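Student: I should like to work through this model by asking, for each label, what justifies it. May we set each value against its criterion?

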Amino acid sequence: MVAHPSPDLYGSDLQMLESVAALVADGWEVTVVLPGDGPLAPKAAATGAQVRLARFPVLRKALLHPARLVGFALEALRAVLAARRWLRHEQVDVLYVNTLTLPVWVLAGRLAGTKVLVHVHEAEDDAPVVLRAALTAPLLLAHTVVANSRAAAAALARPFAMLARRTQVVYNGVAGPPEPPSPPLRTDPLRLLLVGRLSPRKGTDVALEAVAQLVADGRDVVLDLAGTAFTGYEWFADQLAERAGAQDLAGRVNLRGYVSDRWAALAAADVVLVPSRVEPFGNTAVEAMLAARPVVVSATQGLVEIVTDGATGLRVPPDDPTALAAAVARLADDHELATHLATRGREEALHRFGVARYADDLTTAVRTLAEA
């Protein structure tokens, strides 16, 4: 059984689909449990898995307030008891908990006597020590932990060194575009793309300020933002919309909302930005590389493990719009460099982050746990 925190189709959601497809192909009967309906549900069903919708609490930062935590704790207790009963009834062999945000399922799995694997897609280095310890503590109940990068694995071991012994790194596997990508474009205006949740962690605001600097320098650029905000972060989306409507950015930023065809969006882009402040892995960076588009990423966490500066993309300091603008200007002025990065980036992504390699590593981890 796979417990997943969202019915949407962003990075960790798409990675969950790859996990489910690999497990089904490996002969497992898989049931995916989601907290609500959404575009992920039919995609999961299409892999051959059963899909069950069941209301259960998902731990978000917006809940980390004393008044909200009380309500979360009461809902979590109800969910733990219900999940334990269901796991026992279904005689689940392995419970695959996708992300740190589902401590309810980890506890329910142990209480039901089920073997528990937690796949971690977070690296909470920016959180206070006490909060990091609280978020990580449920992993002490897991039999196996899979982290999607060395950065994520290291972050887990900082509050609890013993987790290092049960954690293995499995880099994400990302499927490429359905057709071979076209060569990098040279459009006027230069089209920039940022795909991902509208979140301070993703550095969306940094991208807007970089565009403002490029425009102030006389550059003809447009930024497409493809993504929506988590519930509780509508305030940030409102701030972005207000900033995009300011005089210095008027007509330069398009808030596209959720874009279902990311490959079409990537094909229309000249340069892809991943300016995250925190990024345990970075599927969007890999997707840009697979689409043969030059990518500029923040030199943080898992993005450093994906992009080699000057070889497969450009890296800039996080939270630095000036450096981000300078990197974009460099690519705009040097078409040979942009083409080289796009070509090498695609070769690297195909080699290191392919779905076949991911499927082998992931199913091996699950079977090893099941047979232990």
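Student: Why is the pair K202 and E279 called a salt bridge?

Tutor: In this predicted model, the closest N and O atoms of K202 and E279 are 2.9 Å apart. The criterion asks for a side-chain nitrogen of Lys or Arg within 4 Å of a carboxyl oxygen of Asp or Glu, so the pair K202 and E279 qualifies as a salt bridge.

Student: What makes this pair a tie between separate parts of the chain?

Tutor: K202 lies in the loop between β8 (190-195) and α7 (204-216), whereas E279 lies in the loop between β11 (271-274) and α10 (283-290). The two parts are 77 residues apart in sequence, so the pair ties them together.

Student: Is K202 buried or partly exposed, and how do you know?

Tutor: The relative accessibility of K202 is 25%. Buried means under 20% and exposed means over 50%, so K202 counts as partly exposed. E279 has a relative accessible area of 8%, which is under 20%, and therefore E279 is buried.

Student: What makes E287 and R262 a salt bridge, and where do they lie?

Tutor: Their side chains meet at 2.8 Å, N to O, and the limit is 4 Å, so the label applies. E287 belongs to helix α10 and R262 to helix α9 (residues 262-267), so the pair ties together parts that are 25 residues apart in sequence. E287 has a relative accessible area of 4% and is therefore buried.

Student: How do you know that R55 and E75 form a salt bridge, and which parts of the chain do they link?

Tutor: The N to O distance between their side chains is 3.3 Å, which is within 4 Å, so the criterion is met. R55 sits in the loop between β3 (50-53) and α3 (66-90), and E75 sits in helix α3, 20 residues apart.

Student: Why is R55 called exposed, and what is E75 called?

Tutor: R55 has a relative accessible area of 61%, over the 50% limit, so R55 is exposed. E75, at 23%, falls between the limits of 20% and 50% and therefore counts as partly exposed.

Student: How many salt bridges does a search of the whole structure find, and which residues are linked in a network?

Tutor: The search finds 15 salt bridges. R191, D224 and R256 are linked in a network of them.

Student: What makes the chain as compact as a globular protein of its length?

Tutor: The chain has 14 helices and 13 strands. Its radius of gyration is 21 Å, close to the 21 Å that the globule rule gives for 372 residues, so the chain is as compact as a globular protein of that length. Of the 372 residues, 52% count as buried. Residues 24 or more positions apart account for 68% of the contacts with a separation of 6 or more.

Student: Which residues of helix α6 are buried, and what do they pack against?

Tutor: In helix α6 (residues 150-157) the buried residues are A151, A152, A153, A155 and L156. They pack against β5 (115-120), α5 (129-136), β6 (144-147), β7 (167-169) and α11 (301-306).

Student: Why is L331 called buried, and what does it touch?

Tutor: L331, in helix α12, has a relative accessibility of 1%, which is under 20%, so L331 counts as buried. Not counting residues up to four places away in sequence, L331 touches R186, V271, P294, V296, L314, L337, A338 and L341.

Student: What is notable about phi of Q91 and of D319?

Tutor: Phi of Q91 is near 50°, a positive value in a residue other than glycine. D319 likewise has a positive phi, of about 60°, although it is not a glycine. Q91 is in the loop between α3 and β4 (94-98), and D319 is in the loop between β13 (314-316) and α12 (321-333).

Student: What makes Q91 exposed, and what does D319 count as?

Tutor: Q91 has 66% relative accessibility, over 50%, so Q91 counts as exposed. D319, at 48%, lies between 20% and 50% and therefore counts as partly exposed.

Terms used
Residues are numbered from 1 along each chain as its sequence is written. This is a predicted model: local features need pLDDT of at least 70, side-chain atom pairs count only at pLDDT 80 or more; totals for chains, interfaces and linings use all residues. Side-chain values use heavy atoms; hydrogens and water are left out. Helices (H or I, at least four residues) and strands (E, at least two) are DSSP runs, numbered from the N terminus. The radius of gyration is taken over C-alpha atoms; the globule rule is 2.2 Å times the number of residues to the power 0.38. Buried means under 20% relative accessible area, exposed over 50%, partly exposed in between (1.4 Å probe, protein chains only). Contact means heavy atoms within 4.5 Å.
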